[in-house]
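Open the model in your viewer and keep the selection panel within reach. This tour tells you what to pick next and what you will find there.

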Amino acid sequence: MTAGTASILPAPEAPGPKSGATGWKVHAIVWPVLALMLLLLFNLLFTPGFFSIEVRGGRLFGSLIDILNRGTPVLVLSMGMTLVIATGGIDLSVGAVMALAGATAACLISRPEDSPLHLFDVHGSLPLVLLISLAVALLAGVFNGILVAGLRVQPIVATLILMVAGRGAAQLITNGQIPSFEHPGFEFIGGGFLLGLPFPFTIAVAIVLLMLLLVRGTALGLLVEAVGNNPIAARLTGINAAALKLTCYVVSALLAGVAGLIVTSDIKAADVSNTGQYLELDAILAAAIGGTALAGGRFSLLGSAVGALVIQTLTTTILARGVAPELTLVIKALVVIALCLFQSAKARELAFRLVARRAQ
Amino acid sequence: MNSHHFLNRLLISAGVGLALCSVSFAQEAKKPVVGFAQVGAESGWRTANTKSMRGEAEKRGIDLKFVDAQQKQENQIKAVRSFIAQKVDVIVLAPVVETGFEPVLREAKAAGIPVILSDRRAKVSDDSLYVTFIGSDFIEEGKRAGEWLVKKTDGKAVIVELQGTTGSAPANDRKKGFADAIAAHPEMKIIKSQTGDFTRAKGKEVMEAFLKSPEGKSITVLYAHNDDMALGAIQAIEAAGLQPGKDIIIVSIDGVKGAFEAMVAGKLNCTVECNPLIGPQVFDIVEKVVKGEKVPKRTPVAEGVYDESQAKEALPTRQY
Amino acid sequence: MTLATVPQPSLGRSLIPSRQKLPLLATCMVLLVLYVTACLRYRQPAFFNLQVAINLLGDNAFLGIAAIGLTFVIILGGIDLSVGAVIGCSSMFIAKMVEEHAWHPAAAIAVALLSGTCLGLLHGLLIHLFALPAFLVTLGGLFFCRGLGLLISRESIAISHPIYVSLSSWSISLPFHSSLPVVAIMFVLLLVLATIAAAYTPLGRYVYAIGGNEQSALLMGLPVARTKVIVYAFSGACAALAGVAATIFMSSGNALTGAGLELDAIAAVVVGGTLLSGGVGGPIGTFIGILIFGVIQSAIAFEGSLSSWWARIAVGGLLLVFILLQKLLQPRDHQT
């Protein structure tokens with residue numbers, strides 16, 4: 001330790017997650033995009049048929065389309081998760097909220113006799129189904145928001161409550177069954193095609209655009225970053241941090257509701273015990289890959305979207321290449337670590353130095 | 001810190017505590033008490049199993065202590081320990097995995113509480129640690145699926161396999177049993193085998209990937225370790241413009257209602273039944289054990305293999 | 001360098017740094033309320049029973065051991081998601097080596113502990129040297145260990161080595177027909193060691209200082225890099241030790257053991273009063289956090305009439321009640 005020469009000035013490579021948006025010479029989104037390109041390049045070279053896209057029955061059909069389709073739930077979740085993380089929080093309940101919204105929608109449509117929702121008859125009205133399911137998700141978000149922003153419970157514990165109880169409530173709604181349904185309108189959400197592209201992808205694009213407009217078009221993004229970077233300073237400048245946080249948790253839960261509806265509609269059933277399980281980790285991973293600081297502050301919605309696509313590309317690659325299930329996780333681990341190193345300015349610097357030394 | 005303030009808060013919390021315990025119920029005496037350590041509520045099959053057990057206990061006036069382990073072995077061990085501490089009369093255990101229950105089963109034996117294994121076997125070095133095992137044989141199920149397929153395809157098939165959760169007992173055994181059954185037929189080949197985690201969504205996603213692989217067009221058979229994955233895969237096959245049940249023959253395991261509906265619609269060819277409705281059989285044994293009667297070490301469960309031809313007839317009788 | 005021995009007047013004088021005393025006291029009170037409530041509610045059979053209390057220790061031992069290691073990482077301001085997977089992987093490794101390769105259990109345990117420590121060391125080095133987010137690095141560790149465990153063997157392996165059989169059945173007899181199993185002893189011993197390390201060693205003080213403010217710690221000349229790497233290595237070692245405890249607890253190795261345990265462990269640490277943002281907390285709080293989750297789970301087993309979904313809702317509900325009580329008992333200026 002060269003403590004004697006330690007300078008009072010801020011360290012040039014400020015360590016620690018709270019360092020904010022310093023040290024980024026190129027735009028941060030370059031790295032996740034590059035990672036995505038690398039993965040795709042690998043497939044172009046080594047996975048035959050990965051890039052082939054056919055038209056079957058008026059729909060595009062191919063692995064790339066699968067990535068867009070299957071990547072949607074995590075992509076949608078990651079939008080909300082990014083905002084929550086930016087305020088210095090975390091939302092573990094998104095998977096459970098997905099199950100909750102899905103269970104509500106499925107039971108409203110199919111009305112199984114042992115479901116408590118049996119009494120409600122919405123006559124298969126799609127707007128009502130969507131409205132009620134998303135309202136349930138919204139309530140979940142308000143619950144999280146009140147605990148975190150109002151009662152100042154640590155976000156990880158606050159959202160853990162709903163992570164555990166929410167899935168229980170979803171099972172309560174379906175009475176532990178997997179209610180399946182037939183409803184062409186609702187099925188379109190997760191299984192339909194628009195202009196040859198899967199409809200979930202359209203939803204994802206719309207949500208990303210909407211969120212970008214909301215966050216970067218208004219001062220919301222700035223305020224969120226301020227709260228995440230330095231809550232005390234934010235309070236002193238008169239930002240209502242509580243209201244802001246509440247909003248972020250509500251947005252996160254609403255988007256989780258949307259993701260839940262997509263998944264439920266896609267499999268035409270509400271698989272409450274499995275819907276969205278462990279997706280909270282994927283959503284956080286997407287945000288982290290996209291360059292959002294996990295301790296709060298700096299965030300990038302577009303980065304998270306790319307991050308979600310990176311994760312799905314990896315999954316689809318593994319499936320397309322027929323990797324043994326036991327190996328899947330090891331490969332995922334190596335890719336995650338490689339991605340980390342790839343994004344680290346320090347690691348890149350070291351690599352450049354090594355390459356330069358060898359070149360001499 | 002104002003100590004007066006603190007005392008106030010303490011009193012409030014004590015009040016909440018008292019309010020919570022005032023809802024307690026009085027225990028009736030002399031009903032046999034049975035502790036049931038269930039795996040979880042991860043599938044429709046499991047829920048049907050739980051329902052069968054709880055319904056039967058209620059019918060017979062048995063006090064059933066039910067604990068859902070949420071697919072975690074450590075939770076299940078805690079549950080069995082708790083049953084021992086509660087001095088229940090009989091413990092029914094549906095082991096999450098086959099190993100790892102020996103120490104806690106020893107404790108149960110030392111406490112003089114008989115244990116009935118249901119649904120899944122537990123590997124123990126000493127058979128006297130449990131009274132009987134009642135449930136399905138996963139290897140046998142995989143074998144039956146394989147044998148049905150051999151007959152159906154005359155020993156010629158290009159097979160893709162959707163495995164259950166990697167490392168879980170049903171996935172291991174159903175894979176093994178199936179592989180054994182087709183081993184003698186060199187023209188039956190499993191070209192792809194991936195895990196679909198026993199879920200519909202994963203089954204669909206993995207099947208999509210199978211169909212898009214270069215060998216995708218040659219697939220003639222899908223073998224799924226459970227019905228849920230098969231039901232998901234059917235959607236993927238349809239989305240690829242193929243006819244499930246015709247272009248690709250599908251065989252799966254469990255025999256849930258949805259599978260029968262799919263068979264009636266001609267989208268699924270065969271399901272090997274794995275019967276969850278074993279409540280009556282289990283409590284027959286429980287009552288015998290309480291009376292001190294001897295029971296055989298293995299209690300088989302009535303199970304069949306159903307294909308399309310029998311589906312329509314059987315569908316109305318399916319309870320799960 | 002003389003700067004390395006910076007005096008920390010407020011820390012280290014008492015067993016628990018004073019700033020944390022009140023929240024910890026509040027947590028203890030809530031545990032007491034919860035326990036007494038359960039005892040009053042379940043009288044026949046009795047919840048108030050020494051063996052039920054000891055089961056809380058024994059049944060949660062490997063969760064607790066992993067959580068103690070995790071506590072230091074969280075005080076440091078980091079996170080370790082790999083603990084559950086390390087438990088699964090090390091238990092699988094030990095079972096495989098002892099049963100199929102005829103290793104002596106002591107050798108297998110030693111190698112498992114060493115590997116766990118090395119993995120933690122690697123986490124720490126990656127996190128510190130390349131300034132990577134701990135969440136991502138240890139998530140990578142989670143995937144890697146879970147996969148490695150499954151690669152060792154997909155099927156769980158029962159351990160029948162005589163040493164293991166005697167370890168898992170050996171216990172200290174206590175009054176009231178109860179006994180203390182080996183894993184509970186391991187848990188309590190580690191807790192005592194960790195508490196002493198946190199309060200009385202320079203390393204412990206560095207951890208609090210770095211977690212409180214890394215920049216200041218750096219400027220004060222504390223060995224930030226070394227401390228960080230050591231803490232992650234310690235967490236890896238604890239997770240491997242938890243894997244050893246799991247093999248003793250269950251006489252078997254299973255690659256899926258401890259799936260999702262990282263969240264339970266984090267929850268126990270945080271409920272025990274440790275702040276995720278770092279700098280505040282301690283092993284004793286974690287111990288109480290573990291007991292709180294244990295009491296909730298036992299109470300539900302004693303209730304025995306809840307369906308799967310009501311049990312989940314009850315766990316969530318009790319957690320909520322508990323957190324609200326904790327907030328109520330805690331003075332305002334200690335809340336975050």
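**Stop one: chain B as a whole**

Select chain B, and you should find 11 helices and 12 strands; here helices (H or I, at least four residues) and strands (E, at least two) are DSSP runs, numbered from the N terminus. Before going further, note that this is a predicted model, in which local features need pLDDT of at least 70, side-chain atom pairs count only at pLDDT 80 or more, and totals for chains, interfaces and linings use all residues. Residues are numbered from 1 along each chain as its sequence is written, while chains are lettered from A and ligands numbered from 1 in the order in which they are written.

Along its principal axes, the C-alpha trace of chain B spans about 75 × 60 × 40 Å. Of its 320 residues, 58% count as buried. A residue is buried if 20 or more other C-beta atoms lie within 10 Å of its own, exposed if 12 or fewer, and partly exposed in between, with C-beta atoms placed from the backbone. Next come contacts: two residues are in contact if their C-beta atoms, placed from the backbone, lie within 7 Å. Among contacts in chain B between residues at least 6 apart in sequence, 74% join residues at least 24 apart.

**Stop two: the parallel sheet of chain B**

Now show the strands of chain B. In what order do the 6 strands of the open sheet run? The order is β2-β1-β3-β4-β5-β11 (chain B), with parallel pairing. Two strands pair if DSSP finds at least two bridges between them. At the edges are β2 and β11 (298–299) of chain B, each of which pairs on one side only.

Pick strand β1 of chain B, residues 33–38. Because 5 of its 6 residues are buried, β1(B) is largely enclosed by the rest of the structure. With strand β2 (residues 63–68) of chain B, β1(B) pairs in the parallel sense over 6 bridges; look for Q38(B) opposite D68(B) in β2(B). With strand β3 (residues 90–93) of chain B, β1(B) pairs in the parallel sense over 4 bridges, and V34(B) has V90(B) as its bridge partner.

Add helix α2 (residues 44–59) of chain B to the selection: β1(B), this helix and β2(B) make a right-handed β-α-β unit. A crossover is right-handed if, with the strands pointing away from the viewer, the path from the first strand over the helix to the second runs clockwise.

Then go to strand β5 (residues 132–134) of chain B, which is joined to β11(B) by 2 bridges and runs parallel to it. The bridge partner of I134(B) in β11(B) is T299(B).

**Stop three: chain A and its neighbours**

Colour chain A by pLDDT, the predictor's confidence in each residue, from 0 to 100. Its mean pLDDT is 87, and 93% of its residues reach 70 or more. Over residues 1–24 of chain A the pLDDT is below 50, and beyond near neighbours in sequence this stretch has 28 contacts in the model.

Show chains A and C together: 43 residues of chain A are in contact with 44 residues of chain C. On the chain A side, the largest share, 12 residues, comes from α6(A). By class, that side has 30 nonpolar, 8 polar and 5 charged residues. Ala, Val, Leu, Ile, Met, Phe, Trp, Tyr, Cys and Pro count as nonpolar, Asp, Glu, Lys and Arg as charged, and the others, Gly among them, as polar.

Still in chain A, find N230(A) in the loop between α9 (220–229) and α10 (231–236). N230(A) is partly exposed, because 17 other C-beta atoms lie within 10 Å.

**Stop four: chain C and the core**

Select helix α9 (residues 202–212) of chain C, which is mostly covered, with 8 of its 11 residues buried. Its cover includes α3 (61–75), α8 (182–200), α10 (214–219) and α11 of chain C.

Finally, the largest nonpolar core (buried Ala, Val, Leu, Ile, Met, Phe, Trp, Tyr and Cys residues joined through C-beta atoms within 7 Å) has 344 residues. Its largest share, 18 residues, comes from helix α11 (residues 224–250) of chain C. Among the residues with the most contacts inside this core is A66(C); leaving aside neighbours within four places in sequence, A66(C) touches residues including V83(C), C238(C) and L261(C).
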